[in-house]
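Biologist: Could you walk me through this one before I start setting anything up?
Modeller: Gladly, here it is.

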Amino acid sequence: MSRQDTAAIGAALYGLATRATRRLPRDMSLTSAATLATLDRTGPQRITDLAAVEGVTQPAMTALVRVMEQSGLVERWGDASDKRVTLVCLTEAGASYVRKRREAGVHAFERLIDELTGDEVEALVAALPALKHLAELESQDREGPKR
């Protein structure tokens with residue numbers, strides 16, 4: 001595969017992800033939604049770790065967690081192994097929000113896939129293992145330290 005092929009695939013995936021993100025509900029910031037999704041994937045996290053994963057400052061994440069806590073989407077727990085540490089945890093309402101948002105994204109892609117030709121759908125099916133692996137690599141890159 002040439003560098004040009006790799007660049008074309010990267011551009012297509014980036015464009016698709018960008019357009020898909022724009023179609024999602026705008027009921028909260030992308031950073032808030034991404035933080036909830038991170039907590040759903042990884043479980044409870046320290047604010048400092050969440051800030052690093054989401055690419056924001058610790059004070060910004062602290063403010064974001066406070067707002068999400070007031071909305072009932074997250075709660076703070078003490079860490080049993082270190083009483084000085086507070087962990088941010090997803091509530092059932094937060095987990096439900098993540099599930100509904102994910103389902104909305106899946107359904108949006110299903111509607112688009114229904115418009116493809118049979119050959120195009122087969123090409124996507126054949127690419128599924130590679131797409132899943134890309135998602136795994138991206139998650140490993142973003143998640144940072146596990147607690």
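Modeller: We can go through the sheet, then a helix, then a single loop residue.

Biologist: Sure, and where does the model come from, and what does UniProt place at residues 1–133?
Modeller: The model is predicted, and an unreviewed UniProt entry places the feature "domain: HTH marR-type" at residues 1–133. Over that stretch the chain is 70% helix and 13% strand, with the end C-alpha atoms 18 Å apart.

Biologist: What's the strand order in the sheet?
Modeller: It is an open sheet of three strands in the order β1-β3-β2, with antiparallel pairing, and the edge strands are β1 and β2, each of which pairs on one side only.

Biologist: And what packs on the sheet?
Modeller: Helix α4, residues 58–70, packs there and touches β2 and β3, its direction making about 115 degrees with that of β2.

Biologist: How many bridges hold each pair, say β2 with β3?
Modeller: Strand β2, residues 74–79, pairs with β3 over six bridges, while β1, residues 45–46, pairs with β3, residues 82–90, over two bridges.

Biologist: Which residues stand opposite each other, for instance across from E75?
Modeller: E75 stands opposite C89 in β3, and V74 stands opposite L90 in that strand; on the β1 side, Q45 stands opposite V88. A hairpin of two residues joins β2 to β3.

Biologist: Switching to α5, what span should its 22 residues have?
Modeller: At 1.5 Å a residue, helix α5 (residues 92–113) should span 32 Å, and because its end C-alpha atoms are 31 Å apart, the model agrees with that expectation.

Biologist: Which residues of α5 are buried, and what covers them?
Modeller: The buried residues in α5 are G94, A95, S96, Y97, V98, R101, G105 and A108, and what covers them includes α2 (30–42) and β3.

Biologist: What about T91, where does that sit?
Modeller: T91 lies in the loop between β3 and α5.

Biologist: Buried or exposed?
Modeller: T91 counts as buried, because its relative accessibility is 15% and the cut-off for buried is under 20%.

Biologist: And what does the side chain of T91 reach?
Modeller: The T91 side chain reaches the backbone oxygen of G72 at 2.5 Å. Leaving aside neighbours within four places in sequence, T91 is in contact with G72, L73, V74 and E75; of these, V74 and E75 are the residues I mentioned as standing opposite L90 and C89 in β3.

Notes
Residues are numbered from 1 along each chain as its sequence is written. This is a predicted model: local features need pLDDT of at least 70, side-chain atom pairs count only at pLDDT 80 or more; totals for chains, interfaces and linings use all residues. Side-chain values use heavy atoms; hydrogens and water are left out. Two strands pair if DSSP finds at least two bridges between them. Helices (H or I, at least four residues) and strands (E, at least two) are DSSP runs, numbered from the N terminus. UniProt positions are given in the numbering used here, feature names are shortened, and annotations may be inferred rather than shown by experiment. Contact means heavy atoms within 4.5 Å. Axes are lines fitted to C-alpha atoms, for helices over the stretch in contact, and angles run from 0 to 180 degrees between N-to-C directions. The expected span of a helix is 1.5 Å times one less than its number of residues. Buried means under 20% relative accessible area, exposed over 50%, partly exposed in between (1.4 Å probe, protein chains only). A polar contact is a pair of N or O atoms within 3.5 Å; within protein, one must be able to donate a hydrogen and the other to accept it, and residues adjacent in sequence count only if both atoms are side-chain atoms.
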